[in-house]
Amino acid sequence: MTLVLPIAEAWTDVGAVSDIPRRGSRRVPTPHGDVAIFRTGDGAVFALKDRCPHKAGPVSQGIVHGRHVTCPLHGMVIDLSTGEPTGADAGKGCAPPVPLKVEDGRILLGRT
Amino acid sequence: MSKERLVVIGNGMAGCRAVQEVLKRDPDRYEIAIFGAEPRVNYDRIMLSPVLAGEKTFADIVINDEAWYAANAITLHAGRAVTGVDRERGVVLAEGGLEAPFDRLILATGSDPIRLPLPGADLAGVVTFRDLDDVEAMVAAAKPGARAVVIGGGLLGIEAAYGLVRRGMAATVVHLVDILMERQLDASAGFLLASALADKGVETELDAVSEEIVGQDGRVAGLRLKDGRTLPCDLLVMAVGIRPNTALARAAGLEVNRGVVVDDQMCTSDPRIVAVGECVEHRGQCYGLVAPIWEMCKAAAAGLAGADGAYEGSVLSTRLKVSGVDVFSAGQFAGGEGCEDIVFRDAGRGVYKRVVLQDGRVAGAVLFGDATDGPWYFDLMRQGAAVDDIRETLIFGQAATEGLRGLDPSAAVAALADDAEVCGCNGVCKGAITGAIEGQGLTSLEQVRAVTKASASCGSCTPLVEKLLALTLGDGFQAQIGPKPVCGCTHHGHEVTRKRILAEGLKSMPAVMQALEWTTPDGCAACRPALNYYLLCAWPGEYRDDSQSRFINERVHANIQKDGTYSVVPRMWGGLTSASELRAIADVVDKFDIPTVKVTGGQRIDLLGVKKDDLPKVWADLNRAGMVSGHAYAKGLRTVKTCVGSEWCRFGTQDSTGLGVRLEKFMWGSWTPAKVKLGVSGCPRNCAEATCKDIGVICVDSGYEIHIGGAAGLHIQGTEILTKVATEQEALWAICAATQLYREQGFYLERIYKWMARVGLESIKAEVEDPERRRALYDRFAYSQRFARIDPWAQRVAGRESGEFNPLSRRMEFAPA
Ligand code: SRM
Ligand SMILES: Cc1cc2nc3c(=O)[nH]c(=O)nc-3n(C[C@H](O)[C@H](O)[C@H](O)COP(=O)(O)OP(=O)(O)OC[C@H]3O[C@@H](n4cnc5c(N)ncnc54)[C@H](O)[C@@H]3O)c2cc1C
Ligand code: SF4
Ligand code: FES
């Protein structure tokens, strides 16, 4: 049996922005798969489903540059704000963005 | 009828400006009294920095002198703090029992500097930076030779440190974050700022957590950091931020959040009382700069004078007041959703500019080194002006753009005047270039460079010169195919990049990107790993590896698999293993439910399908059995494949297994441009397939043949003979020397056989066969190995980068759908 903890709030505090390295990312497991949370060199934070539209690669494991992440499996360059691949791969699906807000340096994740 | 009484609490920037604005609108309406806790007239607080630096005196920064108060019949209670506001009776209570009745009240109490509650914070010599008293305390402590530590690398902290250095002190800024002024600057500009400050004598400690202020005889003696170091100091300045001063408002029962809550007319929850300045919170926002205050004061004064006026919030821009360091920042300098960057760098002049566009409009800008166009960008930003038609020239500033509006890029270039400077480094104007192209029949970029020197130095005008070639020659021009750029972020190739890292002593990624004028703020997935390697190779022991610039496999020291799990390959030195190692592997496989165990093509065992979270635990068990990382993931030394050799084999001429183990034990952990695989065969039958490895050894009776440049992957090719040596020791020297040469010359991701094709076998031979050069190469390799031969698994088992392996949070793991 899986333990189901009722979480009433629509937003869940999943940690501090500073827990994510600049130009890096961390994962948050959810019942619907991992969410990848990215922090750019500029300190902006984004959340995407951790599933590359190409072959489901974990985009959380890619290199973050500018406002993009390069998927570790076959190198699609994904726009962090839309989850869509860019350049030659534009239009080939999307790693859907997950609602996220930052308050007082804390990251709040919406329902996935 | 007697005048209404207007009382102002706070004789600072906002309080006095509000009064000025009221007087402008209705000079006779109020009888005015101002209370100020500071025992002096109204002065320009932002100019305290130049006063501290000795560039100005207090007299220079007074805004309103005594004559102004007298001329406007204002009663100034200077040096008298207000202690309470009795709203029922409509009186202000001040120190010494003074009471002042009011009809209208302006709250302008500013903010208080935050004091970190560190142990030792109350020692003598610990100050903040807010008013003239603070400046005087600092100047008194600033004896030449004395040392200051400033906690806080924001605008205030930096200006304080700079001022103290100007006063003859040694000053260090200690900043919690890894970027100076991170609220205003991106990493590139922050890096440039830190170097510019270093040139001025201000040291910086980034990513540094203050733990305790150390005292001696009741006076500050140093600051102890979390990493254990203590920075000695005679003065400690806390410049870590401000907090709206809301004590009076709160006590008087006004609505207070972070600041005193006001509406668009600057009215507090009591309509008789307005508030302006840093003490307020307007639409959820508190401000710490003067520009919004001027706008607030206009709105408040309009209300006080019975007119209409509203404050609707402010967009901010910041400028640092450190002489000779030009820094500007405005708006969304770091971009965000749907933003686009335009980056310009001029290494020669130390300039970095980044303009952020959103929906075809300027959303923000950071400028370093040349902030002349700051106000122009700020203006475009506030107007929300569409800039699509000036996008090409926007980054070059107002002067370059004006007059070109509306033209397409080549038309813009065509429209440039003949005396417009194209190449800043060599001062070459457009006419000189087009003249040379036409007059001397030039057809290529190289020729233009040779004849005019345009684009021959930093190269940032190359696109412009190419456009001029295209314009002048029409179809006769074909863009140059020079050395391939490292990636789309730069026009420089690998070779130039590597050379300049060494020649110019570039020791960090931002330094390289600035010096070589990268056109993106922080590179891409292609150049960052390359630069990281080049820096690591150039500055062993000194450069701090940037794990975020490494491909995932090298970041987590395991190979990612198609399903997001990882594979783990421990070293088996020279392909040797033992019962206890095999037992430990078997135990780990059982314990962690590892689905696949495979013997690799590199003579060792691969554990496939390990979950990322389990990696450190798996490594801990393998470490305990004496095994270390096999670097199966690394652009570095992979395997040393051996055969059994003279130890067992009836044909073996030398101890090939022993040599292989010795090579691997000496060379493991080294980073190289691409992977390096070695093979050592005990005789020419070559059972270790040494002649298709990057470097191979064929043992013969008389010694060791060293082979190089084999390939057996995407491309198949046998090795060439590099050299022949008599002893095992010499074999090790030659192999390490050749590897080091490759480390220093190879382009990132270029395997040894490709490097050899590029530089030529002869040039490699010449280095390795010359005893002195071989020695020097070997020494450099050995030196860099001092920092490389460390098991990355053991480090992670010990807790390093634990965030990489653990999820950020498990709170949503079982959340209901
Ligand atoms: C595990 C192994 C196959 C096996 O099951 O035997 C293997 C597995 C991979 N090889 Fe290999 N190669 C393995 C031996 C080889 C060999 C044979 C050898 O080493 O004797 C070669 C030919 C020799 C050579 O290196 O050129 C080889 C030529 C390649 C290449 C082609 C390289 C080239 O420049 O031509 C790649 C692709 C690359 O590196 O870009 C590659 C890449 C890979 C990667 C890393 C693909 C990837 O990026 O994920 C595979 C990783 C799997 C994993 O997670 O462990 N592997 N690969 C072997 C591991 C050896 C080890 O113990 O470390
Ligand atoms: C060193 C320094 C450099 C700065 N540089 C810049 C810059 O380059 N650009 C920029 O835009 N901004 C800069 N600022 C910030 C700027 O000075 C402030 O935003 C501005 O001064 C705020 O104005 P204010 O009137 O709200 O507060 P203040 O100017 O602080 O005035 C508040 C006054 O109220 C008095 N007061 C408080 N409580 C009471 C009480 N109970 N009774 C009587 N009086 C009281 C205080 O003593 C103080 O004099 C700088 C600040 C400092 C300290
Ligand atoms: S040969 Fe191809 S499929 Fe097999 S391990 Fe190497 S890279 Fe993977
Ligand atoms: S799975 Fe992401 S690029 Fe293939």
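Reader: What makes the strands 23-24-27-26-25 of chain B an open sheet, and which strands stand at the edges?

Author: In this predicted model, the 5 strands pair in the antiparallel sense in that order. Strand 23 (317-319) and strand 25 (339-346) of chain B each have a single partner strand, so one side of each lacks a neighbour in the sheet. Neighbouring strands are turned against each other by 15 degrees on average, direction ignored.

Reader: How do you know that strand 24 and strand 27 of chain B pair?

Author: Pairing asks for at least two bridges, and strand 24 (residues 327-331) and strand 27 (residues 361-368) of chain B have 5 bridges. Ala330(B) stands opposite Ala365(B) of strand 27.

Reader: Nice. Why are helix 24 and helix 25 of chain B called roughly perpendicular?

Author: Their packing angle is about 75 degrees, with the axes 11 Å apart. The range for that label is 65 to 115 degrees, and therefore the two helices count as roughly perpendicular. Helix 24 brings Ala738(B), Leu741(B), Tyr742(B) and Gln745(B) to the contact, while helix 25 brings Ile752(B), Trp755(B), Arg758(B) and Val759(B). By class, that makes 6 nonpolar, 1 polar and 1 charged residues.

Reader: And what makes the approach of Ser567(B) to ligand 1 a polar contact?

Author: The cut-off for a pair of N or O atoms is 3.5 Å. A polar side-chain atom of Ser567(B) lies 2.7 Å from an oxygen atom of ligand 1, which means the pair falls within the limit. The side chain of Thr600(B) also places an N or O atom 2.7 Å from a ligand oxygen, and a backbone N or O atom of Leu714(B) lies 2.8 Å from one.

How values were computed: Residues numbered from 1 in each chain as written. Chains lettered and ligands numbered in written order. Predicted model: local features only at pLDDT ≥ 70, side-chain atom pairs only at ≥ 80, totals over all residues. Heavy atoms only, no water. Polar contact = N/O pair within 3.5 Å; in protein donor to acceptor, adjacent residues only side chain to side chain. Axes fitted to C-alpha atoms, helices over the stretch in contact; angles between N-to-C directions. Helix = DSSP H or I, 4+ residues; strand = E, 2+ residues; numbered from the N terminus. Parallel < 35°, antiparallel > 145°, perpendicular 65-115°, else oblique. Contact = heavy atoms within 4.5 Å. Nonpolar A, V, L, I, M, F, W, Y, C, P; charged D, E, K, R; others polar.
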